[in-house]
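Grab a pencil and work through these exercises with the structure open beside you. Try each task yourself before you read its solution.

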Amino acid sequence: MAGRKAALKAIDWAAFAERVPPNQRAMFNALKTRSDALSARMAALPEKPPTIDWAHYKATVAKAGMVDEFQKKFSALKVPEPVDTQSAKIDAQEQEAAKSTAEYVQASKARIAQYEQQLQKLRSMIPFEQMTYEDLAEAFPETKLDKEKYPFWPHKPIADL
Amino acid sequence: VLHATRPLHTSQQRLAPLPPLPEKGGEVRHGLIPEEFFQFLYPKTGVTGPYMLGTGLLLYFLSKEIYVVNHETVAAICILSVIIYGVKKFGADVAAFADKLNEEKVSNAVAVKNAAIKDLETAIEEEKKEQWRLEGRTYLFDAKRNNIAMLLETNYRERLMTVYNEVKKRLDYQVAMQNLKRQKEQDHMIQWVEKSVVQSITPQQQKESIAKCILDLKALSRSAQAAV
């Protein structure tokens, strides 16, 4: 933020909107309306206020030094720029977001690797017509019969048949 | 006789996947005699060889009474003919039915597997999409910073405008005050002059001015009539 006339970055709202997940759409809309309202307000105000016609006033106002005094004080006046208190917070938020994003991306990649592994296993399975029950238990461990817990056929509680 | 000390399929090293069982069993003629027997005898005795052998053996057993014909023979003939008739007529249908049952089981399993594959693929797609979404977080922060910049800018401009307006108001007030004072003075003076003039018109002057007005009017009316 270098000074008052920092150029406003052009935001591609369309691309932004694409990336918003559906459950955060309301927040996005609120942000957009706020942004639009602010930019409308800003556009409504002129960048520089109109200049005061000192010559005219000097000619018309009867009181002697008043116009001169006003003029002097007016040109000497410096309007203070408003202080920026929130940018630091935004930057901090950005850092945090970057960190949590990195974490999420990592977790996501781990999940993708898991899925890929499973997919690989499923794709390279032998066709069911050539499987024995042992092969099935190998491919899908949840169908494996527990011969220790239920030593007698059918190796699973009767209710599960 | 299986060797008990040579267990099969206990180590992981085995032919996997198990080679599939053959679709059909070995060829047989007349449901009993394997085709290999006929092929075996073909070079020496040709096509009719095994049949001759069979007929000869049968006649030998019958004539020498190695096989004795008694009541059980008749029973065997009846039972076997019924069985053969039943199998020939209904065999295919029963086989198809059994195959259908098996087919259903297998297709269920295959459907489950396909569904699982599809689910995994969509899950991977979703994850990738979420990652792509995350890349757009810079937009959010840019928007926020923009908002802040706009707010500050707006505030500054408002301040400038306030200053300008205030100064202008004061100067305009002075000008307006002057104008008003002048106006009031003018009005007052006019009024005072009028009042004094009216006061100074004595009754004598009033009569004279009224007579003159009547004379003027008469002259005007005469000239107006002439015009009409």
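**Exercise 1. Work out what share of chain B counts as buried, and how its helices and strands follow one another.**

Step 1. Chain B has 228 residues, and 15% of them count as buried. Keep in mind that you're looking at a predicted model.

Step 2. Now list the elements: chain B has five helices and two strands.

Step 3. Walk along the sequence and you get the pattern β-β-α-α-α-α-α.

**Exercise 2. Describe the contact between chain A and chain B: how many residues take part, and how much area is buried?**

Step 1. Count the residues on each side: chain A gives 75 and chain B gives 58.

Step 2. Next comes area. The size of an interface is often given as the accessible area lost when the parts come together. Here the two chains bury about 6,700 Å² between them, with 69% of it on carbon and sulfur atoms.

Step 3. Look for the main contributors. Arg19(A), Pro82(A) and Phe128(A) supply 11% of the area that chain A buries against chain B, more than any other three residues.

Step 4. Check the polar side of things. Across this interface there are 16 residue pairs in polar contact, both residues being at pLDDT 80 or more. On the side of chain A that touches chain B, α5(A) gives the largest share, 20 residues. That side of chain A divides into 42 nonpolar, twelve polar and 21 charged residues.

**Exercise 3. Find the salt bridges that cross between the chains, and say how exposed Arg123(A) and Glu121(B) are.**

Step 1. Start with the totals: the whole structure has 17 salt bridges over all chains, and six salt bridges are found across the interface of chain A and chain B.

Step 2. Take one pair. Arg123(A) and Glu121(B) meet through their side chains in a salt bridge of 2.2 Å, N to O. This pair runs from helix α5 of chain A to helix α3 of chain B.

Step 3. Use the cut-offs: buried is under 20% and exposed is over 50%. Arg123(A) has 47% relative accessibility, so it counts as partly exposed. Glu121(B), at 33%, is partly exposed too.

Step 4. Try another pair: Glu158(B) and Arg41(A) form a salt bridge of 3.6 Å, N to O. There's also a network of salt bridges linking Asp91(A), Glu94(A), Asp142(B) and Arg145(B).

**Exercise 4. In helix α4 of chain B, explain why Arg157(B) and Glu153(B) are separated by about one helical turn, then look at Lys169(B) and Glu166(B).**

Step 1. Arg157(B) and Glu153(B) are four residues apart in the helix, which means about one helical turn separates them. Their closest N and O atoms are 3.0 Å apart, in a salt bridge, and both residues are buried.

Step 2. Lys169(B) and Glu166(B) are three residues apart, about one turn of the helix. Their salt bridge is 3.2 Å, N to O.

Step 3. Lys169(B) has a relative accessible area of 51%, so it's exposed. Glu166(B), at 31%, counts as partly exposed.

**Exercise 5. Which elements give two or more residues to the largest nonpolar core?**

Step 1. The core has twelve residues in all, including Ile112(A), Phe128(A), Val106(B) and Ile124(B).

Step 2. The elements you want are α5 of chain A and α3 of chain B. The largest share, four residues, comes from α3(B).

Notes. Residues are numbered from 1 along each chain as its sequence is written. Chains are lettered from A and ligands numbered from 1 in the order in which they are written. This is a predicted model: local features need pLDDT of at least 70, side-chain atom pairs count only at pLDDT 80 or more; totals for chains, interfaces and linings use all residues. Side-chain values use heavy atoms; hydrogens and water are left out. Contact means heavy atoms within 4.5 Å. Buried area is the accessible area (1.4 Å probe) that two parts lose on being put together, summed over both. A salt bridge is a side-chain nitrogen of Lys or Arg within 4 Å of a carboxyl oxygen of Asp or Glu. A polar contact is a pair of N or O atoms within 3.5 Å; within protein, one must be able to donate a hydrogen and the other to accept it, and residues adjacent in sequence count only if both atoms are side-chain atoms. Ala, Val, Leu, Ile, Met, Phe, Trp, Tyr, Cys and Pro count as nonpolar, Asp, Glu, Lys and Arg as charged, and the others, Gly among them, as polar. A nonpolar core is a set of buried Ala, Val, Leu, Ile, Met, Phe, Trp, Tyr and Cys residues joined through side-chain atoms within 4.5 Å. Buried means under 20% relative accessible area, exposed over 50%, partly exposed in between (1.4 Å probe, protein chains only).
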